[in-house]
Amino acid sequence: MLMLRNALCCSVLWVVSSGCASSSATMRQEEGGGASGAPATEAIARTPAAPGEMPAREPSGYGYTPEEPIKVGGGPAGEREYLQYLRGPEGQRLSFERLGSCCGFEDPSLPYGGGLLDMYEVTYEGLEKPVTLYLDMYRRQEPRAPAGFRLD
C-alpha cells in the first residue's frame, strides 16, 4: 500500500510540475514596462546608497531561499494574488515571471504528503537585477513582504 501511495504521489507531482513549467512563458506579468534579458536565479537587490555606504548584498532569508518560502496557499491563484499586492520599497508595481517548480518537500498534513515550491523572477523600476522569490502554494501562513519589498 505504501508503494502505491508513493507512486501516486510522485506521478501527481510530476504532472503538476510539468504542466506548470510548460505554461511559465504565458505567466509573464508586466505592468509599467518590461524586464529584459535572461532569467536570473540569483541577483543583487540595489537600493540607493549614500556615498561611502557598503553596496547592497545578495538578498537572503524569508522568500529568497527554498528553506524560507513565502507560504501563500490557495494554489496558483494564491501566488498571483500575493504578487499583485507585493510592491517595491517605494510602492513600485512589480513585473514577475514564473520560472518553474523546484525543491520538493514533505508535509504529512497535505493530501499527497508534500509538494513543490514555485520560483518567480521579480523586478520593479529601480531594481538593478531581478530577484528570485520562492512561493509555497500549498501551505498558508500570514504572508509578509520579503526584505526590500512591501505589501499594499
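**Figure 1. Helices and strands of the protein chain.** In this predicted model, the protein chain holds 2 helices and 6 strands. Reading from the N terminus, the order of these elements is α-β-α-β-β-β-β-β. Buried residues account for 41% of the 152 residues in the chain. The accessible surface comes to about 9,000 Å², and carbon and sulfur atoms hold 55% of that area. If we take contacts between residues at least 6 apart in sequence, 65% of them join residues at least 24 apart.

**Figure 2. Confidence along the chain.** Before zooming in, a word on how far to trust each part: the average pLDDT of the protein chain is 74, and 62% of the residues score at least 70. For residues 1-55 the pLDDT is below 50, although this stretch has 69 contacts in the model beyond near neighbours in sequence. Please keep that in mind when looking at the N-terminal part.

**Figure 3. The largest nonpolar core.** This core has 17 residues, and those touching the most other members are Tyr82, Leu83, Leu86, Val122, Leu135 and Phe149. Helix α2 (75-85) and strands β3, β4 and β5 each contribute at least two residues to the core. Another core, of 6 residues, lies apart from it and includes Cys102, Phe105, Leu110 and Leu117. As a general background, nonpolar side chains tend to be buried together in soluble globular proteins.

**Figure 4. The surroundings of Tyr82.** Which residues is Tyr82 in contact with, once neighbours within four places in sequence are left aside? The partners are Ile70, Val72, Leu135, Pro143, Arg144, Ala145, Pro146 and Leu151. One of these partners, Arg144, also meets another ring: its charged end sits over Tyr62, 3.8 Å from the ring centre.

**Figure 5. Phe96 and Tyr120, an aromatic pair between two strands.** The model has 3 aromatic pairs. In the one shown here, Phe96 and Tyr120 meet edge-to-face, with 6.1 Å from centre to centre and 70° between the planes. Because Phe96 belongs to strand β3 (residues 94-106) and Tyr120 to strand β4 (residues 114-124), the pair ties together parts that are 24 residues apart in sequence. Phe96 and Tyr120 are both buried.

**Figure 6. Phe105 and its two partners, Tyr138 and Arg139.** Are the rings of Phe105 and Tyr138 stacked or edge-to-face? Their centres are 6.2 Å apart and their planes stand at 65°, over the 60 degrees that edge-to-face calls for, so the pair is edge-to-face. Phe105 lies in strand β3 and Tyr138 in the loop between β5 (131-136) and β6 (150-151), so this pair ties together parts that are 33 residues apart in sequence. Phe105 has a relative accessible area of 16% and is therefore buried, the cut-off being under 20%. Tyr138, at 29%, is partly exposed. Arg139 joins the scene as well: this residue lies over the face of Phe105, 3.9 Å from the ring centre.

**Figure 7. The backbone at Cys103.** Cys103 is found in strand β3. What is the phi of this residue? The value is near 55°, which is positive in a residue other than glycine. For context, most residues other than glycine have a negative phi. Cys103 is partly exposed, with a relative accessible area of 33%.

Definitions and conventions:
Residues numbered from 1 in each chain as written. Predicted model: local features only at pLDDT ≥ 70, side-chain atom pairs only at ≥ 80, totals over all residues. Heavy atoms only, no water. Phe/Tyr/Trp six-rings, centres within 6.5 Å; stacked < 30°, edge-to-face > 60°. Helix = DSSP H or I, 4+ residues; strand = E, 2+ residues; numbered from the N terminus. Buried < 20%, exposed > 50% of the residue type's maximum accessible area, 1.4 Å probe, protein only. Lys NZ or Arg CZ within 6 Å of the ring centre and 35° of its normal. Contact = heavy atoms within 4.5 Å. Areas by Shrake-Rupley, 256 points an atom, 1.4 Å probe, with all protein chains shown as cover. Core = buried A, V, L, I, M, F, W, Y, C linked by side-chain atoms within 4.5 Å. pLDDT = per-residue confidence, 0-100.
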